[in-house]
Amino acid sequence: MWTKTARASLRVLHHLHHCCGQAGWRSRWTDRGQRQLCRLLSSSGPPWRLLFFGSDQFAVESLKVLTDSRSSSEGVVESLEVVTLSADVPVKKFAQQNQLPLHSWPPDNVDGRFDVGVVVSFGCLLPERLIHKFPHGILNIHPSLLPRWRGPAPIFHTIMHGDTVTGVTVIQIRPHRFDVGPILNQELHRVPEKCTADELGAILATKGAHLLMDTLMTLSERMAHKREQRQTGVTFAPKLNTSMSWMVWEEQTCDQIDRLYRALGSRMPLRTLWMGKTVKLLDFVGKCHISLSDERRRPVPGSVSYQKETNTLAVCCKDGWVGFKAVLLKKRLTAADFYNGYLHQTAEGLFGPWAEKGLLSVDRTTFHSNPGSCHVHSHSRLNED
């Protein structure tokens, strides 16, 4: 490992070369030669000069650990600067609060100034010419066991699809495509039961930050033993959009709805239709256990029943009932408010066979799954088998 004095001397030589380049040498200096010189002038090991690319709270956890490392005895980080997007994102706020030098996207004037780049939840594809400016490459922390869940929303899809095991992967970035680079480090994590996407994200953010430090401490060795991602088991985690939040009562089971709520609930409410109007379903309480007085009959998916004892709206899905404590129509309404203002009027005071169980039957009304189906069913909620 070179001494700091030697490294400083070489950086002076790089500055001289840059100045000479201004005098006319640059025309004879190829891109390949520039990259080779950068590698020569860069440190062969820690402490590293780092440029960090990030945006959201998940990225802040790694930036915190790198910031603290500058003054620690581990000697992993020599200098740290930050590239962030123009918006007022958490990474930018943290950098400003901790007096970290900030660069706007895309960064300029990075030649010869950094050894390693670190990308965490940044959202922009780095061009090849920028990647080549980092002698030891650019690392990316991805919150999944790549190649499973490549893409911008791996944590949400992990919860949504009921994965029991996930993890964090550190890869070397390659140009042109997201999340396809060779694996440098990887750690498994068992998904806690009934975990939300936010809870899992916080766990993996901390785990990812420590895995990044472990990778930086032994980067040369890990680069020498990096492995390509396997071609099998590749899945994609597209960005979240509101179409994912629409309920399909006749297709979704209680467990699937539970996972969907835990994945999306903090970002967007689940949606359905009530007499042609969008209803947002709030405060999910899980599966409801409702006994039918006539087991030969089955409710239509989307049927709504008000449970007075628990002040819950129970909705029939593919294999049972799920409950919600509130809805958002024109305004937020509790289950009781929705019953008194809408269900009671629609039901015209009719009681079904569940009245003895303390449940009000809601005839001729259901929540609809498909935004294109805005009519109200004319049949009763209960169908003969």
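The exercises below work through a predicted model of one protein chain, each with a solution in steps.

**Exercise 1. Overall composition**

Task: State how many helices and strands the chain has, what share of its residues is buried, and what share of its contacts links distant positions.

Solution.
- Step 1. The secondary structure comprises 10 helices and 17 strands.
- Step 2. The chain has 385 residues, and 49% of them are buried.
- Step 3. Among contacts with a separation of 6 or more, 66% join residues that are 24 or more positions apart.

**Exercise 2. Helix H3**

Task: Check the length of helix H3 against the expected rise, then list its buried residues and describe its start.

Solution.
- Step 1. Helix H3 covers residues 57-69, which is 13 residues.
- Step 2. The expected span is 1.5 Å times one less than the number of residues. For H3 this comes to 18 Å.
- Step 3. The end C-alpha atoms of H3 are 19 Å apart, which agrees with the expected value.
- Step 4. Buried in H3 are Phe-58, Ala-59, Val-60, Ser-62, Leu-63, Leu-66, Thr-67 and Ser-69.
- Step 5. To read such a list, recall that an α-helix has 3.6 residues a turn, so residues three or four places apart point the same way. Among the buried residues of H3 are Ala-59, Ser-62 and Leu-66.
- Step 6. At the start of H3, Asp-56 places a side-chain oxygen within 3.2 Å of the backbone nitrogen of Phe-58.

**Exercise 3. The nonpolar cores**

Task: Identify the best-connected members of the largest nonpolar core, the helix that gives the most to this core, and the domains it draws on.

Solution.
- Step 1. The largest nonpolar core has 71 residues, and the members touching the most others are Phe-52, Leu-66, Leu-139, Leu-216 and Trp-249.
- Step 2. Helix H7 (residues 197-217) contributes eight residues to this core, the most of any element.
- Step 3. Domain 1 (44-225) and domain 2 (242-352) each supply at least three residues to this core.
- Step 4. Take Leu-66 as an example: beyond four places in sequence, Leu-66 touches Leu-50, Phe-52, Val-77, Leu-80, Leu-212, Met-213 and Leu-216.
- Step 5. There is also a second, separate core of 13 residues, with Phe-114, Phe-122, Leu-126 and Ile-131 among them.

**Exercise 4. Two residues of helix H7**

Task: For Ala-209 and Thr-215, both in helix H7, give the burial and the contacts beyond four places in sequence.

Solution.
- Step 1. The cut-off for buried is under 20% relative accessible area. Ala-209 has 2% and is therefore buried.
- Step 2. Thr-215 has 0% relative accessibility, so this residue counts as buried too.
- Step 3. Ala-209 touches Glu-61, Ser-62 and Val-65.
- Step 4. The C-alpha atoms of Ala-209 and Leu-63 are 7.9 Å apart, although the two residues are 146 apart in sequence.
- Step 5. Thr-215 is in contact with Leu-139, Val-170, Leu-184, Asn-185 and Arg-222.

**Exercise 5. Strand S8 and its hairpin**

Task: Decide whether strand S8 is enclosed or open, and describe how S8 pairs with strand S9.

Solution.
- Step 1. Strand S8 runs over residues 270-274, and five of the five are buried, so S8 is largely enclosed by the rest of the structure.
- Step 2. In a regular strand the side chains alternate between the two faces of the sheet.
- Step 3. In S8, one side carries Leu-270, Thr-272 and Trp-274, the other Arg-271 and Leu-273; both faces are covered.
- Step 4. S8 pairs with S9 (residues 277-288) in the antiparallel sense over five bridges. Within this pairing, Thr-272 stands opposite Val-279.
- Step 5. The two strands form a hairpin with two residues between them. Met-275, in the turn, has a positive phi of about 55° although it is not a glycine.
- Step 6. Met-275 has 42% relative accessibility and so counts as partly exposed.

**Exercise 6. Backbone geometry in loops**

Task: Locate the cis peptide bonds at Pro-106 and Pro-147, and characterise Asp-179.

Solution.
- Step 1. Trp-105 and Pro-106 are joined by a cis peptide bond with omega about -5°. Pro-106 sits in the loop between strand S3 (102-104) and strand S4 (116-120).
- Step 2. Leu-146 and Pro-147 are likewise joined by a cis peptide bond, with omega about 15°. Pro-147 lies in the loop between strand S5 (138-142) and helix H6 (154-160).
- Step 3. Asp-179 is not a glycine, yet has a positive phi of about 65°. This residue is in the loop between strand S6 (165-172) and strand S7 (183-190).
- Step 4. With a relative accessible area of 10%, Asp-179 is buried.

Conventions
Residues numbered from 1 in each chain as written. Predicted model: local features only at pLDDT ≥ 70, side-chain atom pairs only at ≥ 80, totals over all residues. Heavy atoms only, no water. Buried < 20%, exposed > 50% of the residue type's maximum accessible area, 1.4 Å probe, protein only. Polar contact = N/O pair within 3.5 Å; in protein donor to acceptor, adjacent residues only side chain to side chain. Core = buried A, V, L, I, M, F, W, Y, C linked by side-chain atoms within 4.5 Å. Domains from an automatic or database assignment. Contact = heavy atoms within 4.5 Å. Pairing = 2+ DSSP bridges.
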